[in-house]
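Here is a short set of exercises to work through with the coordinates open. Try each task yourself before reading its solution.

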Amino acid sequence: MHTALTHEKTPITGKEAARYGTSLNVSRFLATPNTVRDWHTAGLKVYTWTANWPPAWEKAKTADVDAVLTDRVEPYKEWARTACGPTATAAP
């Protein structure tokens, strides 16, 4: 079974987050290229929330998160098809 830590306000290292599971659900405000790299190095999948507009989606893409959690699924899918390529919105 996979487990995840949902984390919101304070910075957290990959080492700290990895104690709680295999993935990190994190506020989009904490996901930067450097923090995501650290979390990935710790073996975590990184999911950012709640990204509801193109600037937030672009930031998540730049940070290299594994997935975006959004309330605006159809607009996100349309954006991702052009910004990220056809496989970005494919089901696993």
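Thr 48 is a good place to begin: it touches Val 26, Ser 27, Arg 28, Ala 31, Ala 60, Val 65, Ala 67, Val 68 and Leu 69, not counting residues up to four places away in sequence. Please keep in mind throughout that this is a predicted model.

**Exercise 1. Place Thr 48 and decide whether it is buried or exposed.**

Step 1. Find the element: Thr 48 belongs to strand 3, which covers residues 45-49.

Step 2. Check the accessibility. Thr 48 has a relative accessible area of 1%, and buried means under 20%. Thr 48 is therefore buried.

Step 3. Look at what the side chain does there. A polar atom of the Thr 48 side chain lies 3.3 Å from the backbone nitrogen of Arg 28. The side chain also reaches the backbone oxygen of Val 26, at 3.4 Å.

Step 4. Compare with the list of neighbours: Val 26 and Arg 28 are among the residues that Thr 48 touches.

**Exercise 2. Which backbone atoms does the side chain of Thr 70 approach?**

Step 1. Locate the residue. Thr 70 sits in the loop that joins strand 4 to helix 4, the latter being residues 73-83.

Step 2. Test for burial: the relative accessible area of Thr 70 is 18%, so this loop residue counts as buried.

Step 3. Search for polar partners. The backbone oxygen of Ala 51 is 2.7 Å from a polar atom of the Thr 70 side chain. For the backbone nitrogen of Arg 72, the corresponding distance is 3.0 Å.

Step 4. Complete the surroundings. Leaving out residues up to four places away in sequence, Thr 70 touches Thr 50, Ala 51, Asn 52, Trp 57 and Tyr 76.

**Exercise 3. Describe two residues of helix 3, Glu 58 and Lys 59.**

Step 1. Start with Glu 58, which is found in helix 3, residues 54-63. Its relative accessibility is 36%, so Glu 58 counts as partly exposed.

Step 2. Take a distance along the fold: Glu 58 and Trp 79 are 21 residues apart along the chain, with 9.5 Å between their C-alpha atoms.

Step 3. Move to Lys 59, also placed in helix 3. Lys 59 has a relative accessible area of 36% and is partly exposed.

Step 4. List the contacts of Lys 59 beyond four places in sequence: they are Arg 28, Phe 29 and Ala 31.

Step 5. Add a spacing for Lys 59. Its C-alpha atom is 11 Å from that of Leu 30, a residue 29 positions away along the chain.

**Exercise 4. What is notable about phi of Asp 64?**

Step 1. Place the residue: Asp 64 is in the loop between helix 3 and strand 4, the latter being residues 67-68.

Step 2. Read the angle. Phi of Asp 64 is near 70°, a positive value in a residue that is not glycine.

Step 3. Set this against the general pattern. Most residues other than glycine have a negative phi.

Step 4. Check the setting: with 49% relative accessibility, Asp 64 counts as partly exposed.

**Exercise 5. Contrast the C-alpha separations of two pairs, Thr 32 with Thr 62 and His 2 with Val 68.**

Step 1. Thr 32 lies in the loop between strand 2 (23-27) and helix 2 (33-41), and is partly exposed at 30% relative accessible area.

Step 2. Thr 32 and Thr 62 are 30 residues apart in sequence and 7.9 Å apart in space.

Step 3. His 2 comes in the segment before strand 1 (4-7). With 70% relative accessible area, His 2 is exposed.

Step 4. For His 2 and Val 68, the sequence separation is 66 residues and the spatial one is 18 Å.

**Exercise 6. How compact is the chain for its length?**

Step 1. Write the order of elements from the N terminus: β-α-β-α-β-α-β-α.

Step 2. Use the radius of gyration. The value is 13 Å, close to the 12 Å that the globule rule gives for 92 residues, so the chain is as compact as a globular protein of that length.

Step 3. Add the extents: the C-alpha trace spans about 35 × 25 × 20 Å along its principal axes.

Step 4. Finish with burial and surface. Buried residues make up 34% of the 92 residues. The chain exposes about 5,900 Å², and carbon and sulfur atoms supply 56% of that area.

Terms used: Residues numbered from 1 in each chain as written. Predicted model: local features only at pLDDT ≥ 70, side-chain atom pairs only at ≥ 80, totals over all residues. Heavy atoms only, no water. Helix = DSSP H or I, 4+ residues; strand = E, 2+ residues; numbered from the N terminus. Buried < 20%, exposed > 50% of the residue type's maximum accessible area, 1.4 Å probe, protein only. Polar contact = N/O pair within 3.5 Å; in protein donor to acceptor, adjacent residues only side chain to side chain. Contact = heavy atoms within 4.5 Å. Rg over C-alpha atoms; globule rule 2.2 N^0.38 Å. Areas by Shrake-Rupley, 256 points an atom, 1.4 Å probe, with all protein chains shown as cover.
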